[in-house]
Amino acid sequence: MSNIFEISSVTVVIPTYNEAGNIVPLIEQIVQHVGEKYEIEVIVVDDSSPDGTAQIAMDRFAGDGRVRIVKRTEGRGLGSAVGHGMKLATSDVVVGLDADLTHNPAQIPDMVHVCERFDLVSASRFAAGGSMQDKAHYFSSFVFNLWVRILLGTQIQDNLAGFFVVRRSVLNKLPQEKIFFGYGDYFIRLLYFAQRSGASVVEIPTHYTLRTSGSSKSNYLKMVWTYSSAAVRVLLGEKRILRK
Ligand SMILES: Nc1nc2c(ncn2[C@@H]2O[C@H](COP(=O)(O)OP(=O)(O)O)[C@@H](O)[C@H]2O)c(=O)[nH]1
Ligand SMILES: [Mg+2]
């Protein structure tokens, strides 16, 4: 376990695509919960959502120096959006979370607190005490995560969380170009490379609520294939690295 790491500032990176109904309450909740204790920076990385997510956020938070909205016009994708936000972050630690309010912003201060002891803290549905309101999704994700865990041979229980806190100094040492692309599979790579670098990674339980506005961009059948092959590619890449 690492020594205590003093944290005074927190950057929260939010990837968005068509989250018009969620983005304002989400940022308000983040600023309320995190801003109470830490200096806060919020970075929204929006891929020119047709529903005007970026503009809605810009209008609401105009003049608020804590909130930065980045509207990307070229390229699209969850993995590269998170990576883009990570590069812009300036705080001691960086948080990543979904915009759909399934990840609870009230949990961020506890996660940041744990990050004083560990390099990377991941909110896990499958750690003891974790859960998900959508039970069918919970069960299928559980089985799929067992499979990913067997493939990678790691002890991580939730490889697709996307809700995490990492020390920026640790993040900067990771091969980010090998991590932040694709869809939710970026998270498999982030945890994998963090562990391979010797960083201390811990999972703490979390509860996902249901999305109440907008719709999921995930195609679950396609995900089984893309995420499995992402895990296999990580392993093959590592083998090549080891052979060198
Ligand atoms: N910037 C960006 N964000 C995306 C993209 N696709 C999904 N997201 C965001 O990524 C997060 C997870 O997406 P979501 O549709 O909720 O996937 P699910 O949680 O697997 O159902 C949400 O905050 C989305 O708005 C994309 O292409 N670009
Ligand atoms: Mg979601």
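**Exercise 1.** Which residues does D92 touch, not counting residues up to four places away in sequence? Determine also where D92 lies and whether D92 is buried or exposed.

*Solution.* The structure is a predicted model, and every value below is computed from it.

Step 1. Locate the residue: D92 belongs to the loop between α3 and β4 (93–96).

Step 2. Apply the cut-off for burial, which is 20 or more other C-beta atoms within 10 Å. D92 counts as buried because it has 20 C-beta neighbours inside 10 Å.

Step 3. List the contacts. Once residues up to four places away in sequence are set aside, D92 touches I7, S8, S9, R167 and R168.

Step 4. Consider one of these partners, R168. It stands 76 residues from D92 along the chain, yet the two C-alpha atoms are separated by 5.8 Å.

**Exercise 2.** Compare the end-to-end span of α1 with the span expected at 1.5 Å a residue, and describe how its buried residues are arranged.

*Solution.*

Step 1. Helix α1 (23–35) has 13 residues, for which a span of 18 Å is expected at 1.5 Å a residue. The C-alpha atoms at its ends are 17 Å apart, which agrees.

Step 2. The buried residues of α1 are I23, L26, I27, I30 and V34.

Step 3. Viewed down the helix axis, the buried residues of α1 fall within an arc of 95°, so they line one face of the helix.

Step 4. Recall the geometry involved: an α-helix has 3.6 residues a turn, so residues three or four places apart point the same way.

Step 5. Ask what covers this face. The elements covering the buried residues of α1 include β1, β2, α2, β3 (67–71) and α4 (108–114).

**Exercise 3.** Carry out the corresponding analysis for α5 (residues 135–152), and then examine its residue L152.

*Solution.*

Step 1. Helix α5 comprises 18 residues and reaches 25 Å from first to last C-alpha, close to the 26 Å expected at 1.5 Å a residue.

Step 2. Its buried residues are S141, N145 and V148. Down the axis of α5 they occupy an arc of 60°, so they line one face of the helix.

Step 3. On the face turned away from this buried side, α5 carries the exposed residues K135, A136, F139, V143 and I150.

Step 4. L152 is found in α5. It counts as partly exposed because it has 19 C-beta neighbours inside 10 Å, whereas burial requires 20 or more.

Step 5. Beyond four places in sequence, L152 touches Y192, A231 and L235. The C-alpha atom of L152 is also 7.8 Å from that of V232, which is 80 residues away along the chain.

Step 6. After the helix comes G153, with a positive phi near 65°.

**Exercise 4.** How many of the residues of α7 are buried, and what does α7 give to the largest nonpolar core?

*Solution.*

Step 1. The 12 residues of α7 (residues 185–196) should span 16 Å at 1.5 Å a residue, and its end C-alpha atoms lie 17 Å apart, which agrees.

Step 2. Nine of the 12 residues are buried, and α7 is thus mostly covered. Among the buried residues are Y186, F187, I188, L190 and L191, together with the charged D185 and R189.

Step 3. The largest nonpolar core has 64 residues, of which V12, V13, V42, V95, V165 and I188 touch the most other members. The greatest contribution to this core comes from α7, with seven residues.

Step 4. Take V12 as an example. Apart from neighbours within four places in sequence, V12 is in contact with I30, V34, V42, V95 and L97.

Step 5. A general tendency may be noted: in soluble globular proteins, nonpolar side chains tend to be buried together.

**Exercise 5.** Which residues come nearest to ligand 1, and how do the residues of its shell divide?

*Solution.*

Step 1. Of the 18 residues around ligand 1, those that come nearest are A81, A99, S216, K217 and S218.

Step 2. At least two residues of the shell are supplied by each of β1 (9–16), β2 (39–46) and α3 (78–88).

Step 3. By class, the shell consists of six nonpolar, five polar and seven charged residues.

Note on methods: Residues numbered from 1 in each chain as written. Chains lettered and ligands numbered in written order. Predicted model: local features only at pLDDT ≥ 70, side-chain atom pairs only at ≥ 80, totals over all residues. Near = placed C-beta within 6 Å. Helix = DSSP H or I, 4+ residues; strand = E, 2+ residues; numbered from the N terminus. Expected span 1.5 Å × (residues − 1). Arc of directions from axis to C-beta. Contact = placed C-beta atoms within 7 Å. Core = buried A, V, L, I, M, F, W, Y, C linked by C-beta atoms within 7 Å.
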